[in-house]
Amino acid sequence: MTDTKTEDRIEDRLSFQAEVTKLLDIVVHSLYSDRRIFLRELISNASDACDKLRYEALTTPALREGAEDFRITLRLDKDAGTIEIADNGIGMNRAELIDNLGTIARSGTEEFVKHLKDADKQGEARLIGQFGVGFYSSFMVAEQVQVFTRRAGETQGWHWESDGGGAFSIGEAEVTAPGTRIVLHLREDAKEFLEDWRLKSTVKTYSDHIEIPVVLLGKDDEGKDTEETLNEASALWTRPRSEITEEQYTEFYHHVSHAFDTPWHTVHFKAEGAIEYTGLLFVPSQKPFDLFQPERKTHIKLYVNRVFITDDAPEVLPSYLRFVRGIVDSSDLPLNVSREMLQNNPVLRKIQGGLVKRLLGDLKKRAENADEYATFWETFGAVLKEGIYEDFERRSDILELTRFRSSTTDGWVSLADYVSRMKTGQEEIYYITGDDAETLKRSPQLEGFRAKGVEVLLLTDPVDEFWINAVPDYQGKALKSAASSAAGLDAVADPESKDETPEETAPTDQIEALAKALQETLGDAVKEVRSSTRLKESPVCLVSEDGGMSLHLERMLKQAGQDMGHKPGRIMEINPSHPLIKGMAAKVASGGGDLSDLGMLLLDQALIVEGEAPADPVAFARRLSTVMTGAV
Ligand SMILES: Nc1ncnc2c1ncn2[C@@H]1O[C@H](COP(=O)(O)OP(=O)(O)OP(=O)(O)O)[C@@H](O)[C@H]1O
């Protein structure tokens, strides 16, 4: 830290957090093709600052005086080449300035920036566009940015300044009233923003929905002060739907969500009845970056009579709908409701019920268009599925909305689709879990299913392992893992066209003897070795015990470093019609030879097919070499 003295002010010079420097570098070097968005970001921040003061004033009477007549003012100075954006909102003190304008507050963005490769600024920069860079977007147009601010309730004002390089300076300043004034010293190539018309049209395009007036201050020909309000200045959600354009909804979505995509779905409605509220909700078309963060936070802004209360009330929506953005405004909550009071609040719980019903109902309607719904499902399906085990009441609704990859068709299928084409004699809905649909489709456990043309749902999201066990059946048909020992296919009729003669199998007693010998060789690596009815081409596969943990879940837990505390009950199935197994069975029957190497190789082969490493890779390689040597 170095101290410099500017105009009687002692200024501290501080470095930006490394990620901010990186981000600024991208911002300055062509982050967006449309640079106008800096204005949207700054107006959005100013409006948030007013919302915050209005809320704090509800519980802190000392702040009440300044918490009215909110407005955001813009001033152009062509001679100085500056644009000023000022608000009379909450303001910032020194610590907040350093924190807010020196670091990246949002952990997801920070993580993302950390991983940005300098080499690919253009490509990755486009991605960060989804997150929004907020205040830092000023540096797209400004070579120097100054902030003058005073926190409501405090008397000391502060000055912050930076040229967007690695550092900023901060010092005391005289600021007459609470709020924030940002002065952008425009770059030569951004002077176009000094034109009134350019500024006005930008505000109209991007900030019309802001509830607080955005006022352009100026002078008329005689040098008298003028004021012109540039936006509609009424909360968008209070306007009739018919008067709101698609573009206005999208801009509002950008404002509330800090995202840049076009919403996949917009729902704007007024609930009337015992509890009244308005909802304006959006389903994004792109994944918000924090979707899989452990907090699983929802992001709905809660208003009471148009006063912003919080965007952090977990009760507004359940976690499995955390991808939804937007606002809810109710007059049935007390205006002085504190964030704490919102917990277990019965009114809010009812509102949540209404919102969930509405959203799931809308998804159901949108699901009628399979292609459109597929884009939603691919983006948010994994999150929505959490509701299957978290929201018992809505389980069946969510199950109806769930889509699956399938072993017999491309594209997405629903459970209803599956049931409608179940085979004669088939009583169960079969699924298999794993990391990747293509590999699952080819897995040996499914050979028998393939041979009988029985469809198997391919579950590849980690969450599938959890909900699937919570759902015993769908329309009375049990959900059964195709990779479990109990997946009996015997009842399912063979395909009519099946005319090839069945493969000759080894005699049952020989197979039993082989299974016993293998069991001895493999020890407790497997719980049981037994003859298979499912295998058609492969000699061997592993299956889990009926009702036991799936092999995939076992792997997931192992990768997550979780000790399962016991040896899993894996069962090795051998194919009695495979030449290798027949040969081994004959050898056991004739009492000849040591089969331990072959036995271990069989197990390792089954493990490899599962995507696992052989238990002892060195021993595996040695055994394989021995066998290969015998073959040359
Ligand atoms: N005009 C303002 N008045 C008061 N605080 C502000 C103002 N502008 C910015 N801030 C503070 O600085 C923080 C960082 O702003 P910034 O725009 O970078 O991010 P953000 O608004 O939180 O999110 P996003 O990056 O999506 O815009 C804000 O969260 C807010 O606390």
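## Close-up views of the predicted model

Phe282 is buried, its relative accessible area being 0%. The model shown in these views is predicted.

**View 1. Phe252 and Phe282 form a tilted aromatic pair.** The ring centres lie 6.3 Å apart, and the planes meet at 45°. Phe252 belongs to helix H7, residues 246-257. Phe282 belongs to strand S12, residues 277-283. The pair therefore ties together parts that are 30 residues apart in sequence. Phe252 is buried too, with a relative accessible area of 2%.

**View 2. Ring pairs build a cluster that includes Phe252 and Phe282.** The other members are Trp237, Tyr253, Tyr303 and Phe308. Across the structure there are 20 aromatic pairs.

**View 3. Phe135 and Tyr136 make an edge-to-face pair.** Their ring centres are 5.8 Å apart. The planes stand at 70°, over the 60 degrees that edge-to-face requires, so the pair falls in that class. Phe135 and Tyr136 are both buried.

**View 4. Lys301 lies over the face of Phe308.** The distance to the ring centre is 5.3 Å. Lys301 is part of strand S13, which covers residues 299-304. Is Lys301 buried or exposed? Its relative accessibility is 6%, so Lys301 counts as buried. Beyond its neighbours within four places in sequence, Lys301 touches Asp48, Val256, Phe308, Thr310, Asp311, Gly326, Ile327 and Val328. Phe308 thus appears in this contact list and also in the ring cluster of View 2. Asp546 is elsewhere: the C-alpha atoms of Lys301 and Asp546 are separated by 46 Å. Along the chain, these two residues are 245 residues apart.

**View 5. The charged end of Arg40 sits over the ring of Phe260.** The ring centre is 4.7 Å away from that charged end.

**View 6. Helix H2 runs from residue 37 to residue 59.** H2 has 23 residues. From first C-alpha to last, H2 reaches 34 Å. That is close to the 33 Å expected at 1.5 Å a residue. How many of the residues of H2 are buried? The count is 18 of the 23, so H2 is largely enclosed by the rest of the structure.

**View 7. Arg187 occupies the loop between strand S8 and helix H6.** S8 spans 179-186, and H6 spans 196-207. Arg187 counts as buried, at 17% relative accessibility. The cut-off for buried is under 20%. Outside its neighbours within four places in sequence, Arg187 contacts Val28 and Arg35. The other contacts are Phe139, Met140, Val141, Ala142 and Glu143.

**View 8. Arg296 and Asn305 have positive phi values.** Most residues other than glycine have a negative phi. Arg296 is not a glycine, yet its phi is about 50°. Arg296 lies in the loop between S12 and S13. At 24% relative accessibility, Arg296 counts as partly exposed. Phi of Asn305, also a residue other than glycine, is near 50°. Where does Asn305 lie? Asn305 is in the loop between S13 and strand S14, residues 307-310. Asn305 is partly exposed, with a relative accessible area of 48%.

Technical notes: Residues numbered from 1 in each chain as written. Predicted model: local features only at pLDDT ≥ 70, side-chain atom pairs only at ≥ 80, totals over all residues. Heavy atoms only, no water. Phe/Tyr/Trp six-rings, centres within 6.5 Å; stacked < 30°, edge-to-face > 60°. Buried < 20%, exposed > 50% of the residue type's maximum accessible area, 1.4 Å probe, protein only. Helix = DSSP H or I, 4+ residues; strand = E, 2+ residues; numbered from the N terminus. Lys NZ or Arg CZ within 6 Å of the ring centre and 35° of its normal. Expected span 1.5 Å × (residues − 1). Contact = heavy atoms within 4.5 Å.
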